[in-house]
Amino acid sequence: MLKGRTAIITGSGRGIGKAIAMKLASYGANIVINDIPSSEDADKTCEEIKALGVDSIVVKGDVRKKEDVERLISETMDKFGKIDIFVNNAGITRDGLMIRMSEEDWDLVMDINLKGAFNCIKAVARPMMKQRSGAIINIASIVGVMGNPGQANYVASKAGLIGLTKTTAKEFASRGIRCNAVAPGFIRSAMTDVLSDDVKQKYFDSIPLGKFGETENIADVVAFLASDMSKYVTGQVINVDGGLVM
Ligand code: NAP
C-alpha cells in the first residue's frame with residue numbers, strides 16, 4: 001500500500017509515534033525517525049524498522065528549532081529524494097489548573113505541540129509542492145475538541161493544531177497536498193501511564209467500547225490517511241477514541 005514511499009514521523013522513538021512508524025513500514029514505506037537529541041529509543045526503533053525489510057534513518061532534532069527541522073527535511077531529501085508522508089506526532093503535557101499554570105509550562109507545550117507542527121509543515125511543504133503530492137497527518141487529541149480541566153495549555157495547543165490542519169488543507173490542496181488530523185482518546189502510553197487511577201477510571205467509564213486504546217489503533221488510521229485509500233479526504237479530524245466523543 002505504501003511501497004517505496006518516504007515517511008517522516010516526529011517524536012517516533014517510542015509510544016504512538018513508534019507504532020505509526022512500524023505500521024507505515026509494514027506497508028512498505030521507508031521511514032525517517034525523529035526524536036529529541038537525547039533520545040535513546042530512536043536508534044533502537046530504527047533497527048526494528050529495518051528488520052521489517054524497509055530502509056530507515058534517524059534524524060534527531062527538536063521540532064521547536066527551525067534549523068533542526070530544516071536539517072530533518074534536507075537529510076531526508078539527501079537520502080530518499082522525496083517526502084510523501086509527514087506525521088506531526090511529537091507532543092508533551094505539562095498539566096495543572098489554569099490558576100496555578102506557569103507561563104513557562106504554557107509556552108513549552110505551545111512551542112512543541114503547535115509551533116513545532118507549524119515549523120514542520122512550513123518546511124515540508126516546499127518539497128511536497130514541487131512533487132505536487134504529499135500527505136500531512138497531525139496527531140491532535142479529543143481534548144482539543146471537548147476541553148479538559150487541568151490541561152489549558154495542552155488543550156489550546158491541540159485545538160490550534162486542528163485549526164492549523166484545516167488551514168493547511170485549504171492552502172495546499174491545489175498543489176496535491178492533503179492534510180488531516182487524528183484525535184486520539186485515551187491511548188495506553190508513557191503519556192497516560194502517569195495519570196492517577198482516579199483519572200484513568202473516569203476516562204474508562206466514559207468509553208462506550210469499554211477499553212483503553214492501543215498505540216496501534218492510532219497507527220491504523222494514520223496509515224489510511226497516508227495512503228491513496230484516502231485520496232479524496234482532506235481537512236478532516238478523525239476521532240480514534242472508542243466512542244468517547246460522538
Ligand atoms: P510519548 O510516549 O511521550 O511520546 C512523545 C514523543 O515525542 C517522545 O518520543 C518524545 O521524546 C517526543 N518529543 C517530545 N518533545 C519533542 C520535541 N521537541 N521534538 C521532537 N520530539 C519530541 O507520548 P504519546 O502518548 O506517544 O503521544 C504521541 C502524540 O499523541 C502526542 O502528540 C500526544 O499529544 C498525542 N496524544 C496522545 C494521547 C494518549 O492517550 N497517549 C491522547 C491524545 C493525543 P522523549 O521521549 O525522548 O521525550
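## Cavity, pockets and cores

The residues that line the largest cavity comprise four nonpolar, five polar and no charged residues. Here Ala, Val, Leu, Ile, Met, Phe, Trp, Tyr, Cys and Pro count as nonpolar, Asp, Glu, Lys and Arg as charged, and the others, Gly among them, as polar. The model is predicted: local features need pLDDT of at least 70 and side-chain atom pairs pLDDT 80 or more, while totals for chains, interfaces and linings use all residues. Residues are numbered from 1 along each chain as its sequence is written, and side-chain values use heavy atoms, without hydrogens and water.

A search of the whole structure finds one cavity of 30 Å³ or more, and the space in the largest cavity is about 30 Å³. On a 1 Å grid over the protein atoms alone, a cavity is a set of points where a 1.4 Å probe fits but cannot get out, a pocket is an open set with protein on both sides within 12 Å along at least five of seven lines, and lining residues have an atom within 4 Å of a point. Points are joined across faces, edges and corners, and a volume is the space filled by probe spheres set on them.

The cavity is lined by Thr10, Val63, Asn88, Asn89, Ala90, Ile112, Asn113, Gly116 and Ala117. Helix 4 (residues 103–131) gives the largest share of this lining, four residues. Helices (H or I, at least four residues) and strands (E, at least two) are DSSP runs, numbered from the N terminus.

Asn88, one of the lining residues, belongs to strand 4 (residues 85–88). Asn88 is buried, with a relative accessible area of 5%; buried means under 20%, exposed over 50% and partly exposed in between (1.4 Å probe, protein chains only). Neighbours within four places in sequence aside, Asn88 has contacts (heavy atoms within 4.5 Å) with Thr10, Gly116, Ala117, Cys120, Ile121, Ile136, Ile137, Asn138 and Ile139.

The pockets compare as follows.

| Pocket | Volume | Lining residues | Classes in the lining |
|---|---|---|---|
| Largest | about 1300 Å³ | 50 residues | 23 nonpolar, 18 polar, nine charged |
| Second largest | about 160 Å³ | 13 residues | six nonpolar, four polar, three charged |

Gly91, Ile92, Thr93, Tyr154 and Met191 lie nearest the centre of the largest pocket. Helix 1 (15–26), helix 5 (143–146), helix 6, helix 7 (190–193) and helix 8 (197–205) each give two or more residues to its lining. In the second largest pocket, Lys211, Phe212, Gly213, Asn217 and Gly242 lie nearest the centre.

The largest nonpolar core has 44 residues, and Ile8, Val32, Ile73, Phe86, Val124, Met128 and Ile136 have the most contacts inside it. A nonpolar core is a set of buried Ala, Val, Leu, Ile, Met, Phe, Trp, Tyr and Cys residues joined through side-chain atoms within 4.5 Å. Helix 4 supplies the largest share of this core, 11 residues. Ile136 touches Phe86, Asn88, Val124 and Met128, among others more than four places away in sequence. A second, separate core of 30 residues includes Ala7, Ile187, Ala223 and Ala226.

The structure holds zero disulfides (pairs of cysteine sulfur atoms within 2.5 Å). Cys46 has no partner because the closest cysteine sulfur, in Cys120, is 18 Å from its own, too far for a bond. Cys120 is in no disulfide either, and the nearest cysteine sulfur, that of Cys179, is 12 Å away. Cys46 is buried, with a relative accessible area of 4%, and Cys120 is buried at 0%.
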